[in-house]
Structure formats: structure tokens, C-alpha cells
Amino acid sequence: MAETKVVLPGDIIDTSLDSDEEESSVLRLGPGVAQIDEQVSAVAAGVLHSDNEKKQWWVVSNKRRYVPAEGEPVVGVVVARHGEGYRVDIGSAQGALLPLLAFEGATKRNKPNLAVGTVVYARVAVANSVMDPEIECYNSHTGKSEGYGELAGGFMFKCSLGLARRLIDSKAPVLNALGSGIPFEVAVGLNGRVWINTEAPATTVLIANAIKNSEFLDAKQCRQMVKELLEKQ
Amino acid sequence: MDMDDTSEQQQVAFAMHTFERIHHTEFQRRFLSQNTRHDGRAFSQFRATHVTKGTVSTAQGSSTVRIGNTTVVCGIKAEVSEPDVKTPNEGYLVTNVELSPMCSARFRPGAPSDEAQVASEHIHRLFGKAVDLATLCIESGQAVWSLSADIVCLKYDGNILDTAILALVAALEDLRLPEAQLDSATGVVSADRTIARQLTLRKRLFPATFALVDTYLVADADDAEEQLATTSVLVVLDDSGRLANIWKRGACPVSNETIHQCIESAVERAETISKTL
Amino acid sequence: MPRPDRRENDQIRALHSILGLLNRVDGSAQFSAGSTSVYCGVYGPVDVKVYDEKLDRAVIEVKFRPAAGVSGTKDRWVESAVRGTFEREILAQMHPRTLIQINIQAREDDGSADAAAINATTMALVDAGVPLRDMVAAASCAVLADGAAVVDPTLEEAAAAQSVHTFAFAGSDIGRAGSGGASGSTSPVYVDSRGDFSVADYDRCYDLCLRSAQRVLAFMRTAIEGKIAKESQISVV
């Protein structure tokens, strides 16, 4: 069940459940929600979501600074190469480590060689407060690349984390509207970075602008904007 | 038997010392939870305060103030300078608090630390109204006295603000300014050292700092206690019993009742210090 | 005696704010009360110098720059006031080994700038999504020579005042005071009362500032909620 309640830091969240279950049951607090003293309260401003079935509460907020979370797809730039791996800038406080062998089918003898400046699409493998984040260009559970890897060519730009989260949804109106008009490749990182690749630079610029403009537009407005942009082209 | 006894005593003493070193927070908390402090003081008790005036013979006004182990020396140097265009009848009072590595290992050599700058600025703001800057005027728009008060900490053991404020009050009271005149023809200021004029303070300031260690409010925290306290309340009273400053800073909120408690304690403290000063 | 700008004694100046106006920082806000105006930009959590690094929490750094002239001791004083105010409200333990940097730039100081700096910081921190225990709202009040207490004094009023008082309160505390609680049960996060005043003056200003802070908080709430509604219309609708 979706609620649309806006909360601000310090707002106390009522976690009493509709169902008459015992009170000792475990509550799951997601991002933007924390236990302060004896109460559960919001620590970020955003829209409060809850799932009474699973006893979950979380706040969807828009940020610009990425804090890595395990399993999230990110777009990063290789900034250095060390003996055991690459240092990749994913926009978080500390640079992420990408081990040399964290690619599909990589072996000691046969592994990709990335130059500094290469853009990669990766998945966050380790994210905690004590260690620097670690990313990998394949799903270590399946051993398959699943679309992760080097992003050759194309163009990368930054956007807010909130927009990135909406873009990664396969129903994202702006991407669907664009896709029905022009062919292009896109990789969305939850770290607020989007990579696109098309055949002509002019198209790349058009798509990048359309995506950036969609920040405050709803589905209908998105389609209208894309339509106008395509007509102008 | 004798041997055993001493070795056991040593072990106990060593354990306490080690305890203090390895778990400073818990060490202090044990005392506080027993309604006392590690140096045996009651929560509302200030350390012994000594004020000596005229300790630096080369300065026009000086003092040395000790609160417990914290020692500061304040020297005021008077120089003639041109007044600011906006305030042609007013002299200057420049305050500078120096916290060098000499007084504690907490401070580093080089540019003044933020802590020292904040103290200098706060004291400057406080004394802006305590000293009548118009009495520092020699010739309107031409020449005024500029007083630079250097407050140097020799030994740091907490509560630098109280000590520095007291030192400046004492040094200002000790200050003797020579009678100066501006020769309008030559533009030279000549001073007659034989006639010394005392500066009248509008008000004497009596500071009292309280620190919040966990939930305990302690007066005049020393260095060890200050390291645990994230919050402090400074109350400054003048000699007529009116307030000059309430400054609560730091992380923890302090209830309004607690602030009133601080004011009451500060009133008592002011009475005691006014006798020492 | 009427105030120069014809305000009531307990009336704050018109508030104005812009959230997220700087696009290179992680969060930003402009907060204005009348012609007093302050910008604040927040970075965080970002990489911290190894020398400053704290293993269990984020380092909080505050930089204040005046509207005109070079930065000096005065600004260090404001920095320390702001840092102290937010040290507990920022949940620094959620981002250990990082830095949260708060940059404040005064745009125009026409009195009560310390309070404006604190309010701008709250809004910028919320905009940056830095985890906060609570929001902080600040307000100033001055006791004039004729004994009248006026809130949100201008520079002119503050210069002629007997005493000037600045208080900052946490949002939940203001909420409690609003729901019928006496001001005695509130706990300010920051107090700076200066000049020549009595305990009664202090108490009077305390109440006035608490009520002003209540209004400031309500204003900040509306501004932030407005931005969230605008941003999340897609995910909400």
C-alpha cells in the first residue's frame, strides 16, 4: 500500500500497526528512517513509504551525493590502476575498488585491461561504513555479465539520485518516449550518472537534454516535451 | 608482610592510573555518578582563584590569574594611533588570546587555533561595552589610544574563558595611561609619564562557565572534564548584578531551567570573585 | 515607539528562501529575512583528509565568509556557533570516515545574521539529504533602550539596543512548546545573549524567540515540502 505523506527530519513516524499483532515484532527501517532515542523518526526529507505486511518504513528522498548500497548498479569512471584492481570514481565519499578479476569469465591470464578514464557499468558488491566500497562488472552469484562491463564510446552525464532512480524503472516515461522515436543505448547508475550512446552527436545532446529536463515533469509532460524536441530536430 | 602490603598498594594505584588512561570517559563517569568529581570538588564548586595585578612591569597594565592549574598572564600595551573615520572620538581595544603548545599538548604551533580565535573574538565582543572607548580619545579625529591586550595562557587546565576574562578585567583596572597631548603644529603626541590616569571601567565583569558532562552540570570544568563535555554555558555578570552575557554552545540542548540554575550559581560566584579581584 | 520599518514588536521580517539554487554542491539554500540574506552550500558525505578522519563518525566542518571584506576572527566565531549547533543534530555516526562540509556565505547583513546562518544551514542540510536528528530554527530578539523587546532586529536596531539575544531550538522542542507546553520545558541548542540585561529581560526574549522560531520552522517546512512535492510528483501520482 502506497502512502503519499511528506516527512521532514525529526518527524516522528507512527509505527503502530493496523493488525493486532504482538508489539515485540521486528520493524524494518529503510533509508531515511532511524530509531532516535525511544522513537522511530525520519532523518531525511522526502515521501514516506510503508509496507504494513512486512513492517517496513522508508523515506524516498532526492539527493545529489551517492552513498553506496550493496547490489545497486552504478556508472563509474576509472581513475587509477593498482596492483590488485582499479580505483573507480562512483561519486561516493571514497573511490570504489574494482578488482582486476571482477569481470565475466576473467582469469589471471585473460582479463580486460581498462585505461584511466574508461567508463564502466558495475554493481556494488561491498558497501559498509568501515571499508571502501567495492564494485564488480558481473554478477558474482551467477558469474554472468548481465549487462555490466566497460561502456565504450558514448556520453556520460550527472543527474540527481532521485531522477536516476526513476529512470532505472523500465516504465520511465522519458526513456520510453525517446525510445519510440530514436534508437539509442542507455545505462543508468543509481549514483546519479547516466551513460548514453547514439549514432550522431546531435542525437546524444538531444537525449541528454530530454533526460535532464524530465526531472520535474510527469509522464504526460515528458511525452509532450520529447515530442516537441523530436519535431525540432 | 610489609613487602606484600606495599606491592598490593602499588597495584591498586597502578590500576586506577591505568583505568584513567585507557578508559577516560568511564573513569570520570564513575566519579560523577557518585555525586563527586575526580579532583574531589562538588558539582557547583569552582577551583581556587588567584588574581595578581601588575605582574608585567613593561606593560601599561597587567595581571596574572590562576583558576586551579590554569594560568594566564594578561599584558596591555598602549600605543597612539589614528582613530577610525566612522568613530573619531573612540580608541581601540584589541584582544588576543594565545593558546600555544607551551600551555598544553592539545595546541599546535603556528597560526592561532580556532579555539583561540573564538575566545579572542568573544572577549572582544564582551569588553566592547565594558570599556568606554571615548575615554581613550586624545584629540578627536587625530589621535587616540589603542590598547592591545595580549592574554597568554601559560598552563592550560580547562576553563580558559573565565580565566582570560578575569585577567583582562584585572589588567584594565591596573592600567595607567600617561597624560597625552597632541601638538597641533607638529602633529606629534607627547605623553607625560609622571601623570598617570586610571581607566574607569563601565562595569567589572564576573564570568562563570558550566559544562555539561553527560547529564551532569559541573562548574568550572578542568581539562579532563572538558574533553568529555560537548556543551558549555558561560554566564557573565557585572558588578551591579545585571547580566552581560549568556552563551550556551555545543551539541546538547540545555533546558531553560538548567540555564536559570547556571545564572543563580554565577551570581554566587560573582560575589566570591569580586572580593578576590 | 514604532519600529523604523513599522513592524510590530513581535513581528519577524518577511522570510524568503530558495532551495537547491547552487548546482555544483550536494545541497544548498538561500535564507533571507528582510534584507538580511545568507547562502549555504553543503557537501557530504565526501572524502576526508586522513589527518582529520574519525573512525566512528563524520567530521563536520563549517566555513563562514562575510558579505564584504576578508574573513577574520569574527567569522571563526560564527563557524564555531554553527558547528556546535549542528554537532548533535547531524547524525554523523551514520557516515564514519567522511566529511560533511558546510559553507556559509553572507549575502547581506542587516541584523540577526547569526540566526539566518543557522536557518540557512538547516535548509541546506535537509536539501543535501544529510541525515538529521532534527531541524533547527533560530531567531533573534533585542531589548531597546526604552525597554521594549523587539524580534528579528535590523542592524540599526541591534546597534542601539541594550542587549541582543539569539536562540536556536530543535524542531521537536518547538513542537512540544507549541502544543501548550510552557517555555520552561524547552531546551535551546544555542543561546547567545549579550549586552546589559536582567533575568526578566532574558526570559522575555526567550519566549519571543521561541515563538519566532516556531514561525521560522513552519516557513522552512512549507518551503521544503513544496520542493519535495514538485520533485516527487511522478513517484507520488
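This is a walk through a predicted model, starting with chain B and moving outward to the places where chains A, B and C meet.

Let us begin with chain B as a whole. Its C-alpha atoms occupy a box of roughly 90 × 45 × 35 Å along the principal axes. Within that box, DSSP assigns 6 helices and 12 strands to chain B. Of its 277 residues, 41% count as buried. If you look at contacts in chain B with a separation of 6 or more, 67% of them join residues 24 or more positions apart.

How far can you lean on this chain? The mean pLDDT of chain B is 90, and 95% of its residues reach 70 or more. Confidence does vary along the chain: helix 1 of chain B (residues 2-22) has the lowest mean, 65, while strand 2 of chain B (residues 61-67) has the highest, 97. So please read helix 1 of chain B with that mean of 65 in mind.

Now turn to a sheet that chain B shares with chain C. It is an open sheet of 8 strands, and the order is 10(B)-9(B)-11(B)-12(B)-9(C)-8(C)-6(C)-7(C), with antiparallel pairing. Strand 10 of chain B (216-219) and strand 7 of chain C (149-151) stand at the edges; each has a single partner strand, so one side of each is left without a neighbour in the sheet. On average, and ignoring direction, neighbouring strands here are turned by 20 degrees against each other.

Step inside the sheet and follow the strands of chain B. Strand 11 (residues 231-238) and strand 12 (residues 243-250) of chain B run antiparallel and are joined by 7 bridges. One pair to pick out is Thr231(B), whose bridge partner in strand 12 of chain B is Gly250(B). Helix 4 of chain B (residues 160-174) lies across strands 9 (205-213) and 11 of chain B, and runs at about 175 degrees to strand 9 of chain B.

Where does the sheet pass from one chain to the other? The crossing is between strand 12 of chain B and strand 9 of chain C, an antiparallel pair joined by 5 bridges. Here Asn245(B) has Arg194(C) as its bridge partner in strand 9 of chain C.

That pairing sits in a wider contact, to which chain C gives 29 residues and chain B gives 27 residues. On the side of chain C that touches chain B, two or more residues come from each of helix 1 (73-86), strand 9 (190-197) and helix 5 of chain C. Strand 9 of chain C gives the most, with 8 residues. By class, this side of chain C has 11 nonpolar, 10 polar and 8 charged residues.

Chain C also touches chain A, in a contact that takes 33 residues from chain C and 27 residues from chain A. Strand 3 (36-46), helix 2 (113-128), helix 4 (171-178), helix 5 (199-231) and helix 6 (233-236) of chain C each supply at least two residues of this side. The largest share, 7 residues, comes from helix 5 of chain C. In this side of chain C, 15 residues are nonpolar, 10 polar and 8 charged.

Finally, a stop in chain A. For residues 154-201 of chain A, an unreviewed UniProt entry lists "domain: K Homology". Over that stretch the chain is 35% helix and 29% strand, and the C-alpha atoms at its ends are 9 Å apart.

Technical notes: Residues numbered from 1 in each chain as written. Chains lettered and ligands numbered in written order. Predicted model: local features only at pLDDT ≥ 70, side-chain atom pairs only at ≥ 80, totals over all residues. UniProt positions renumbered as here; feature names shortened; annotations may be inferred. Helix = DSSP H or I, 4+ residues; strand = E, 2+ residues; numbered from the N terminus. Contact = placed C-beta atoms within 7 Å. Nonpolar A, V, L, I, M, F, W, Y, C, P; charged D, E, K, R; others polar. Pairing = 2+ DSSP bridges. Axes fitted to C-alpha atoms, helices over the stretch in contact; angles between N-to-C directions. Buried ≥ 20, exposed ≤ 12 C-beta atoms within 10 Å, placed from the backbone. pLDDT = per-residue confidence, 0-100.
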